[in-house]
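Hi,

Here is the structure I promised to pass on. Have a look at it first, and then read my notes below.

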Amino acid sequence: MSDDGRLGDIEKRIAALDDPSALLRAIDDLPDLADRGDEASVRLGIARGIVLNRLGLPESALKALQQARALARDIGATALHPAISRETSRIHIWRGETASAALELMRSVVEADAAGNPGDTAAAVVEFGRLNLDTGRYEAALDAFALAAGRIEMLPGREESRLPVNQREALLALGRYDECLDGIDAMIAALPAGYGRDSFVARVIKARCLAALDRDDEARAAEADARAWVGDHPSSYERAELALLEGFLNRKVDPEATIARVERALDRFVDDDLPRHEFDARILLAETLAGMERRAEAEACIVEALRRAEDRRLPAMADRVRAVAVGFWRPAMIAELSPEDRLSEDGGSGRFLVLETLGTGGFGEVQRAIDLDTGTEVAIKRLRRQENLDLDTARSVMATARNEILTGGRIRSRFVARTRYLHMDSGGGLTLVQDYVAGPTLRVAIDDGAVDFGRKMAIAASIARTLATLHQAGIAHRDLKPDNIVLRHGTQPVIIDLGIARLKGMADTAAGLGTVRYAAPEQLEAATDDRWLGREDIYALGRMIGEMMEDEEQGDRKRGILGRFGWRRTARIDGPLATMVKTMTIAEPDRRDVDLDQLADLLDDAAVTLED
């Protein structure tokens, strides 16, 4: 085989993530090609830089890429500049130098544009996604991956398998488990056998999602499947990832073994300077230790994780750590988790740029803002300072804030607004940073007449399915009402405000609270029971559907719809659906037995029938 043919083979092996030591030997066996001073020599220099970086020699890798750039400039091979910039960016990502990585990617885009190469531009977009993925900016990563997927034909063949895996890594990190699992088996089946790394990671993702959904048997089967793709070398990186996966699967049944496995994996992640995996491991360690009542060790783990995140300027990772810590941190010491100057009082400086005030209430105000550290749009719920409140109210405020965080840790859904973290200032002021959902509340949409009856039934069906997911996770919302449903972009119902939620197996910190119009009798009487967890939400949804019916009847009257014997009562629902809706508002919770998934199907059928 000619030297050029051998170079092409090396490039294919690099794409397939072949053993870097073997690849470096193959590169060193081409001294004549390195000395030719042509475009192939530049490609060989790029290959050397990639392999040296994979061997954990970033300084040598950067030097090889700088030499390749200089040669490309001297011989006019500027079309290779974008690839050199992308590989340089990867080195900076591995070293935790995110600003330098971003600048190199911007340089790559400019170079690709100058060369008139849209394929290199698309490749830079993919790398932007991976930069965001590795620094905890998962929503931004998904946006970049979606943009790149629309240009997949311009990308190297390897990206056809790698890009879908990266998209699912982001969905897993966001806790969108059902969405992540959707189509994953077909994706795995389509992965080329030569890309073993992609095959392994895809199976790990599948196992993690299944475990998070308490589908333990399926998760263990996926873990066994992933094990078949682990490299033979005892120090292979996949073995550390597998140890982390085993920790997730066994944390409840064998916490001591989990701690041992995850600590070994953590050492490898720290040595290789891989932040996403490192923080996964630190968070799992803290949660496991807290579950064993080893609180001091759990708190020490959190403190170290926050220190690492701050040192590496990874605010999104720090936010993840804080959100987990609230679950077991001493309430009086929440301020320990909050760095200085996180939030500006007047919205003019600090981390958040406040755009507008969305509303005010008894506990404080809600503002829309831009998170300048992560670039995402968020809702900031500022609760009144505890120093101005009586003791009982102050405790209620803290319990509300903790509930928002804890429920977010148990459930991740596109249809439930997530609370990202809690901040407490030195004066006792509490602030929750949450997902911002753009759109009107269901109350506003109904009052404006913007939702017809068929659409109301479809919205109720979506709410029912979201409630089923919440209840399966051991969460009852307990303040379900049209004001706490936001229609994202005017269409998708998203449940907000879980401040008085009840969590199965935990003390009820909001007993007796609720909105009288929608709260079930046992909720207002503080007589809730874990056996009937979630039936208060069934009652509230029943009341909401009843209101939707009343609104339609009143609308018919306003429009002057007459029957033969006077005002016509419009029969909107009947049969099994009508019976089920009536059952939803029975006073006794033990008789309020409604299958929410079945209810959703009946509501969907009603919506389609009415549209027809």
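Let's start with a hairpin: strands S2 and S3 form one with five residues between them, and Gly375 in the turn has a positive phi of about 80°. Before I go further, this is a predicted model, where local features need pLDDT of at least 70 and side-chain atom pairs count only at pLDDT 80 or more, while totals for chains, interfaces and linings use all residues. Residues are numbered from 1 along each chain as its sequence is written, and side-chain values use heavy atoms, with hydrogens and water left out.

Back to the hairpin. S2 covers residues 364-371 and runs antiparallel to S3, with seven bridges joining them. (Strands are DSSP E runs of at least two residues and helices are H or I runs of at least four, numbered from the N terminus; two strands pair if DSSP finds at least two bridges between them.) One facing pair is Val366 and Lys381, the latter in S3.

S3 also pairs with S5 (residues 430-435): six bridges join these antiparallel strands, and Leu383 stands opposite Leu430 in S5. Is S3 buried or exposed? Six of its seven residues (377-383) are buried, so S3 is largely enclosed by the rest of the structure. Buried here means under 20% relative accessible area, exposed means over 50%, and partly exposed is in between (1.4 Å probe, protein chains only).

There is another hairpin to look at, made of S7 and S8. It has three residues between the strands, and His489 takes a positive phi near 55°. Four bridges join S7 (residues 485-488) to S8 (residues 492-495), and the two run antiparallel. Val486 has Val494 in S8 as its bridge partner.

Now the helices. The axes of H15 (residues 237-250) and H16 (residues 255-271) come within 8 Å and cross at roughly 150°. Axes are lines fitted to C-alpha atoms, for helices over the stretch in contact, with angles from 0 to 180 degrees between N-to-C directions. H15 and H16 are therefore roughly antiparallel to each other (angles over 145 degrees count as that). Among the residues that meet are Tyr237, Leu244 and Asn250 in H15, and Pro255, Val262 and Phe269 in H16; contact means heavy atoms within 4.5 Å.

As for the whole chain, there are 26 helices and eleven strands. Buried residues make up 51% of its 612 residues. Of the contacts with a separation of 6 or more, 61% come from residues 24 or more positions apart.

Cheers

Definitions and conventions:
Angles under 35 degrees count as roughly parallel, over 145 as roughly antiparallel, 65 to 115 as roughly perpendicular and the rest as oblique.
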